[in-house]
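This report covers the salt bridges of one protein model, followed by its strands and helices. The sequence and structure are shown first.

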Amino acid sequence: MTRSYSLAYLTAPDLPPPDAMSLAADFGYSHIGLRMLPAMSGGHYWPLMTDTALLAATIARSKALAVGVYDVEIIWLTPEFDIEAYRRFFEVAAALGAKAMLVGGADPDATRLTNSFANLCAAARPYGLTADLEFMPWSTVPDARAASKIVAAAAQPNAGLLVDALHFARSGSTLADIGAMPLEWLHYVQICDAPAAAPATTDGLIHAARRERLLPGEGGLPLSAVFAALPQHVPVSIELPNERSFAALGSREWARRALAATKAVLESAQT
């Protein structure tokens, strides 16, 4: 079965969305991911919700090249989460033809977080969007088991659970956790590699995740086992922020290498 690949925002963060689509088309990615809200205070994102010219150019390039937008990011479920603040996000995501929203947990109250997630799913559903909760070991949804409980309790048809290979390995999640997930929760997955030994601190985990990921096959994560446990039809988002390699190679060569390395590892996992 042929997999589809998406160029995640963090793999080529310097490229405006239309240029990211051109790069994706050149190398054989079928989609890109777009960051429309910052991942942290002061973080970079593309102002597609306010810059109408950039939005129009992105839509035009997508149609011209037949490169889609797979996921848009990131919505954090905080204690102050207010669904009304995200209406424009939904509208722009739908205009771009996006399929999924990346969601993170930042609320220590599990019941409130679950309610917020359910409300987000319900509000996004008319726009054709799934809401995909990503577990991260430093967040309030630290592992696959915690994420599964929230997605199950939310009980929404467009609710999903996002497996990032790095977070899977760093969170103590298991292949059995993946096997227990209903297939309908898995709308896409993320791939990268990293050293087998995890950083010892939370700051170290965050730094490595945002700035030091490795090409698939260059680290020690159990990628073959993880992707053998996942359905082969699920689209793969290649998320590979590496500041040193990016500076040395540039976004074009880095994106080319990222896709080639990913295909090599996943083809090996299928054999």
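The model holds 13 salt bridges, a salt bridge being a side-chain nitrogen of Lys or Arg within 4 Å of a carboxyl oxygen of Asp or Glu. The model is predicted: local features need pLDDT of at least 70, side-chain atom pairs count only at pLDDT 80 or more, and totals for chains, interfaces and linings use all residues. Residues are numbered from 1 along each chain as its sequence is written, and side-chain values use heavy atoms, with hydrogens and water left out.

Three of the pairs, among them E73 with R35, are listed here with their closest N to O distances.

| Pair | N to O distance |
|---|---|
| E73 and R35 | 2.6 Å |
| R145 and D143 | 3.7 Å |
| E243 and R211 | 3.3 Å |

E73 belongs to strand β3 and R35 to strand β2 (residues 31–35), so their salt bridge ties together parts 38 residues apart in sequence. Helices (H or I, at least four residues) and strands (E, at least two) are DSSP runs, numbered from the N terminus. E73 counts as buried at 3% relative accessibility, and R35 is buried at 10%. Buried means under 20% relative accessible area, exposed over 50%, and partly exposed in between (1.4 Å probe, protein chains only).

In the second pair, D143 is buried, with a relative accessible area of 15%, whereas R145 is partly exposed at 38%. The third pair ties together parts 32 residues apart in sequence, because E243 lies in helix α10 (residues 243–270) and R211 in helix α8 (residues 202–211). E243 is partly exposed at 47% relative accessibility, and R211 is partly exposed at 38%. Salt bridges with shared partners join D143, R145 and D177 into one network.

Eight strands close into a barrel in the order β1-β2-β3-β4-β5-β6-β7-β8, with parallel pairing; two strands pair if DSSP finds at least two bridges between them. Within the barrel, strand β4 (residues 100–105) runs parallel to strand β5 (residues 130–134) and is joined to β5 by four bridges. M101 stands opposite A131 in β5.

Helix α4 (residues 110–124) has 15 residues. Its buried residues include L113, F117 and L120. The buried residues of α4 pack against β3 (68–77), α3 (87–95), β4, β5, α5 and β6, where contact means heavy atoms within 4.5 Å.

Note on methods
Expected span 1.5 Å × (residues − 1).
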